[in-house]
Amino acid sequence: MNRLQGADDRLPAQVRLQHCRPLLCAAVAMAMATGQVLAADAGPSAATPDGADAAASGSLDASFDRSLLSGAGNNTTDLSRFEHGNVVLPGVYNLDVYLNRSWVGRKDVRFAAPSPQASATPCLDNALFAQLALPTSRFAGLETKLADPTICVDIAQLIPDAKMSFDMGNLRLDVSVPQAYMGHAPRGYVAPEYWDEGVVAGLLNYNLNSYRSRAQGRTQTNSYLGLNAGLNLGAWHLRQDSTVSWQASSGDGTSRRHWQNIRSYIQRDLPAWRAQLTLGDSYTDGQVFDSFSIRGVQLASDDRMLPTSMRGYAPVVRGVAQTNALVVVRQNGVQIYQTTVAPGPFAINDLYPTGYGGSLDVTVTEADGRVRTFSVPYASVAQLLRPGITRFGLVAGRLREISLSHEPDVAQATLQRGFSNLLTGYAGVEGSQGYQAALLGAALNTRYGALAMDVTHSRARVPGLSLQSGQSVRLSYSKILPQTDTSLTVAAYRYSTSGYLSLTDAALARDYARRGLDAFSYVAPSTQTIDGVQATSLLTAEQRAALTGNPLSDTGLSGTRLQRRRNRFDLTLSQNLGERGGTLYITGSANDYWDRRGTDTQFQLGYNNSFHRVTFGVSASRTRDPFDRYDNEYFFNLSVPLGEGAHAPTMMFNANYSPVQGDSQQALLSGTLGDANQYNYGAAVSRGGSAGNSGSLQGGYRSSYGLANASIGAGQGYSQVSAGFSGAIVAHPGGVTFGQPMGDTAGIVYVPGAAGARLQNAVGARVDAHGYALVPYLSPYTLNTIQIDPKGLSLDVQLDATSAQVVPHAGALVMLKFKTHNGRALIVRTRLVDGAPLPFGAQVFDESGQPLGMVGQGGQALVRGVGQSGLLTARWRDDDGTDRSCSFHYQSPPRGKHKPVAYEETSATCMSADMPPGNG
C-alpha cells in the first residue's frame, strides 16, 4: 500500500541530503537551520515525537532574513509557508500508530487543515479510535460524530491532556493518552488481528561441514549435512529436519553413510486458545514431566503469544578445544548439530530447541584423533506463572526412542495455573501400555526465593517382574540476593524410590523383556570393543550412541541396561565480587543410582575478571568419561585487544593442565574485517599435551547468500583441514531468494531497484538484483522493525521509507514491500529570462503536476525522478500574493548501464507561459 495517499511524498531531509553537493547542502541546511534555531525558544523540535504535534499545528514560528539568501535583492517570494515548521499537506497518510509509545498497528489516517495556509492535523475517526482500544463508555454519541467526514475531531477535544503527534520523516503517529483514560491492555500487547500469517513459501536451511584429518598414517573424513526444510500454506507450516553424515577411513578402507530423520511435523497456531497445534514429530516441553519425543498430536500453550510484559530454552554448550576440533551434539542418541571450532574456549548457542528436558551429549574430536565427551544438563526450573495465566498441554501418539524396537502408544495431559502472586499449581497424568503416572506440584514466590515442589507416582508392569511402583520427589529453587549480588540460578534436588520409573524407562524395560532381556540385571563393568571403540557395559543409551551411533539394544552387552537414578542434585551459582572484583561461578551435578555403587559427580568452578581492556579467567572442572574415569582439568585464559580501532585484533593466551592429558599452552590471534565485520580470521599455535606442537589457521565470511568458514592445521604426527557453508533458500511469490541461515520465523523485504542496499537487521545481508533480501530472524507475536540502509544506493532510487514494522505468526515468512521511485537525479541551475536566479523556495513540478523538488539559493534546484529529457514547471507566490510560474526544458546525456554515484548537472532558462520555451 502506498504510505502516502493524496499527500506530498517528499523524502525525509536526512535521506534527501545524503548525496547532495556541498553548495546545495549548505544552502538547504542553512535555510533549515535558520528556522530551527529561531524556533528553539518556542518549544520542542518537530523532529521529536513530543514536538511533532507542535509542528503539525503550526505553533513553531520562524522568520527568514532575506539578506542571508543568495540573490536577495531579486527575491520577492512569499516564504510564509516555511514559517510554521515542516508543513503537512491535507490528505490520507498510511502511518504506524503508537499509543503511549507502544505500537498498536498500521492505519490510514486522514489529515485536514483548518485554513489554506495552516498545516494539516490528524483527524480521529471510528476506525482509529477502535484501534486504540480506548473505553467507549465515557463518550456518549461519539460514534456518530467520528463518522462525519466533514469534521476533523482532535483527540484533545475528547480526552483532556491527550494529543496526537505526527512524525513525517518516519511516517509515525504518536498518540498520548493519560493513564486514567486507558483500557486494561498490558504493555507490549498487539491485537491478534494485526499478526501477519505471511506468504506461501518454501523454505530450506542447510549446514554443510566437512572435516578431514590425517594421523598415524591414517586419513579420516567426516562430512555432515543438516537440512531444515519447510512449506508455508497460510496458517499451516510443514517442517522436516534431517541429517546426512559420511565417514570414510583410509586405514581400513571403510566408508559409511547415515541418514537420520530427526522430525517431521505440521504446525499452526490457535490465537484464540493461545496455543500451538502440532501434527507429526515433536518434543514435549518438559515443564511438568520429563521431555520425550512423540509422533502424533500435540496441543500446547505458547507463551510467546502473551504480551512481552507478561511472558514468564536450548542451553549453551561450552567447552575447550586444543586444536581445530570437530564438535558433535546429540540428544537422546540423535545427532542434532555438528560444527568445527578453533582452539580455545568455545560456546555453541544456536542449537535448535528440541524440548526442555534430555541432556545434551557432546563429543569433541581433536585434529590428532583424541575424543572427549561430556554431558550438558537440560532441565526445567521452577515454573511460576502470573495470576490468571493458564498453561496446558495435551499429547497423544507413539513414543519415539532410538533404543526401542517396539514403540508404544502414549498419552499425556498437563495443566499449570497461576492462582496468585504467591502460588502456582500444576498437575499432570501420563500413560502407556503397562504404565501410568500422576504428578501434583506447586510453585511459591516468596521473599526467600522461588520454590517448586512436586511428587510423581508411577506404576509399571514389566513382563516377568513384579509390579514396579514408586515415587519421585523433586525440589527446585532459584534466588537472586541483591545484598550480596549472588545469583542462584538453579538448585534442584530429586529423590526417587527403587520402584519408580519414568515413561521412557518403563518403555525400555518392557521392550527388553519382550526380547528376553532383564533390564535391571547387574554385573561388574567390563570393557568391550564396539565398532573399534572401547566401551564399558555400564554406559547409558545416550553415551553408547554418542560413541558408536548404535542404540544400546544392538550392542549385545550384558550388565545393567537401565540405571535407575536414586538421587540427583544440580547447582548453578554466580557471585559478583564487586565493581572490580570479578565474578565467581560454579556449576555442577551429582547423581547416584540404585543399581550401581558410587556417586557420579561433575562440576566446573571458575573466576572471571577484567583490568582496563584486559580480561582473564581461571577455572577447574571435573568430568567423568564413558569409561568410568574422572579427569580433573585446570584452565587459565587471558585476552588482550591489540589496538583501539573497530577492526583491532585480539590476542588470547590459554594454559591447560590435566593429569590425564598433560599440560598445554595456546596463543591465538583473532579479529574481524570489512565495513560490516563480515570477515573473521584467526591463527593459533599450541605446545604441550598429547598433541605436541601445532599450529592452525581459520577464516570465515558472512555474505548475503550464506556463511562460509574454513580451517587448516598441523601438528606432531597429524594434519587437518575443514570447510563449511551454511545458508538458506526461500521460494516465495516474487521468486527465489538466497540468504543467511534463518530461524523458524523470517521475512522477505522487497525494495525494487535498490540492489545492494543493506539490511540493518542482519550483518552482511543485502538486497539482491531482483530487489529481494532475506531477513533471517524475526520474533513471533512481537513488533519487529526492519530497516534499510540507503547508503551506497544509486541516486536514481528514492525510498519512501527506510523502515517497516511487522508482527509475524510463529513460523511465518512475512513479506515487507518498500515503495521506491526510480528516475534520474539532476541539479538544475535555473535562470529567468533577465538572467536573475529563480526565486528561493519555488517548487518544481513535472508535466503531470507531481512535485519533484524545490529551488534553493542561487537558483539551484535538486529534482529527482526525472527522465533523460522533459519539461519542468516552477511555481511560486510573490509577497503581494500574485501566483507566478515558468517552465524550462532539460536535457541530460545518454547513460550506460552503470548508474551514477554523483548528481548530474545542467542549466536552463525558465520562461513564463506567454513566452516561447528555450534551453539555457
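User: Two strands pair if DSSP finds at least two bridges between them. In β6, what is the bridge partner of Y98?

Analyst: Quick heads-up: this is a predicted model, where local features need pLDDT of at least 70, side-chain atom pairs count only at pLDDT 80 or more, and totals for chains, interfaces and linings use all residues. Residues are numbered from 1 along each chain as its sequence is written, and side-chain values use heavy atoms, with hydrogens and water left out. Now to β2: this strand runs parallel to β6 (residues 172-176), with four bridges joining the two. Across from Y98 in β6 sits D174.

User: How many strands does the protein chain have?

Analyst: Helices (H or I, at least four residues) and strands (E, at least two) are DSSP runs, numbered from the N terminus. On that basis the protein chain has seven helices, and its strands come to 54.

User: How many of the nine residues of β2 are buried?

Analyst: Buried means under 20% relative accessible area, exposed over 50%, partly exposed in between (1.4 Å probe, protein chains only). Across the protein chain's 920 residues, 47% count as buried. Strand β2 covers residues 91-99 and is mostly covered. Its buried count is eight.

User: Which residue in the turn of the β2 and β3 hairpin has a positive phi?

Analyst: β3 spans residues 102-112 and pairs with β2 in the antiparallel sense over nine bridges. Within that pairing, L95 stands opposite K107 of β3. Two residues lie between the strands of this hairpin, and the turn residue with a positive phi, at about 50°, is N100.

User: In the open sheet with β42, β40 and β46, which strands stand at the edges?

Analyst: This open sheet has three strands in the order β42-β40-β46, and its pairing is mixed. Each edge strand has a single partner, so one side of it is left without a neighbour in the sheet; those edge strands are β42 (772-775) and β46 (813-817).

User: Which residue in β46 does V749 stand opposite?

Analyst: β40, residues 746-750, runs parallel to β46. Five bridges join these two strands. Facing V749 in β46 is L816.

User: Last one: what is the relative accessible area of V455?

Analyst: V455 belongs to strand β23. The residue counts as partly exposed because its relative accessible area is 35%.
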